[in-house]
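Me: I have a new model open and want the reasoning behind the labels people put on it. Walk me through it, please.

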Amino acid sequence: MDDFAGTKPAPPALDPQKDALFLDFDGCLLEIAPTPDAVQVPADLPQLLTDLSERLGGALAIVSGRSLRELTRFLAGYDGPMVGSHGAEARGMTAPMEQMPDGLEALQGELAQFASDQGLLYEDKSHGGAVHFRAHPERQAQAEAFVQDLAHRYPGFAVQPAKMAYELRPDGYSKDGALALLSALPAFRDRAPVYAGDDTTDEPALAWAEAHGGYGIKIGAGESAARFRLDAPQQMRDWLASARED
Ligand SMILES: [Mg+2]
């Protein structure tokens, strides 16, 4: 049974001295559109986020499944921390080395050697590496078999298919993992995590906020680990605007 009718209350007013704010993007700050590119970003949203970030001493971050590139484009004018691709990329923070799985350099070495042997392009990445087969599409199957074998032998890494490429990146990125990383940063440390999101992919992060001294805000209908609910992104933006003007 859905409790959209109101068994979950609206969230309390944000406390700029004590809270840290983590915000999902689509369906939370913005209404969902028929296609991902058709979303409408309210003209004042970047400024609202910028003002709120200042009130919070920098303890505000966007946490989205979108790529960092798209987030940067949609929120031009807002310069605060952003986590994209469900935690696999971030702006305004560097992933602590203790988060890096064992074997990064060995894995990169093997991947580079494979690429060299096959005449393919190797791309070094801070969190892994990629092999591009655009120049030799006929070697896709070999490349795929090799990266799958690598992921099997380096269990901290997972294969991320890309355009004419296979990438290896650390396994297990998630929005709750991103919250744990962000919360270790000076601006966020010792604050109560408040997470807002609309989707089932947000549930681990909503639960994380609830379990770490803060709370979750579920946007829209549906079961949720969050204690609080707002009906739609417009109510979310109103809640944020009232926190700016307190
Ligand atoms: Mg969302």
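Reply: Start with contact, which means heavy atoms within 4.5 Å. This is a predicted model: local features need pLDDT of at least 70, side-chain atom pairs count only at pLDDT 80 or more, and totals for chains, interfaces and linings use all residues. Residues are numbered from 1 along each chain as its sequence is written, and side-chain values use heavy atoms, with hydrogens and water left out.

Me: What do the buried residues of α1 pack against?

Reply: They pack against β1, β2 and α7 (233–245). The names are DSSP runs numbered from the N terminus: helices are H or I with at least four residues, strands are E with at least two. By that count the chain has 7 helices and 11 strands.

Me: Which residues of α1 are buried?

Reply: L45, P46, L48, L49, L52 and S53. They cover an arc of only 160° around the axis, and that's why they sit on the same side of α1. The arc is that of the directions from the helix axis to the C-beta atoms. As a rule, an α-helix has 3.6 residues a turn, so residues three or four places apart point the same way.

Me: What makes D24 and D26 buried?

Reply: The cut-offs: buried is under 20% relative accessible area, exposed is over 50%, and partly exposed is in between (1.4 Å probe, protein chains only). D24 has a relative accessible area of 4%, and D26 has 19%. Both values fall under 20%, so both residues count as buried. Over the whole chain, 46% of the 246 residues make that cut.

Me: Why are D24, D26 and D198 called donors of the magnesium ion?

Reply: Donors are N, O and S atoms within 2.8 Å of the metal (3.2 Å for Na, K and Ca). D24 (OD), D26 (O) and D198 (OD) lie 2.0 to 2.2 Å from the ion, so they qualify. Water is not among the atoms, so a site may look incomplete. In sequence, the donor residues are spaced D-x1-D-x171-D.

Me: What is the strand order in the open sheet?

Reply: 7 strands run β4-β3-β2-β1-β9-β10-β11, with mixed pairing. β4 (89–91) and β11 (228–230) are called edge strands because each pairs on one side only, and a pair takes at least two DSSP bridges between the strands. The twist averages 20° from one strand to the next; such angles run from 0 to 180 degrees between N-to-C directions of lines fitted to C-alpha atoms, for helices over the stretch in contact.

Me: Which helices pack on the sheet?

Reply: α1 (residues 45–55) touches β1 (19–23) and β2 (60–63), and its direction makes about 135° with that of β2. α5 (residues 175–183) touches β1, β2, β3 (82–84) and β9 (192–197), at about 160° to β2.

Me: How do you know that β10 pairs with β9 and β11?

Reply: 4 bridges join β9 to β10, and β10 (residues 215–219) has 3 bridges with β11. Each count reaches the two that a pair requires, so both pairs hold. Both run parallel. G197 stands opposite K218 in β10, while I219 stands opposite L230 in β11.

Me: What makes β10 covered on both faces?

Reply: Y215, I217 and I219 on one side and G216 and K218 on the other are all buried.
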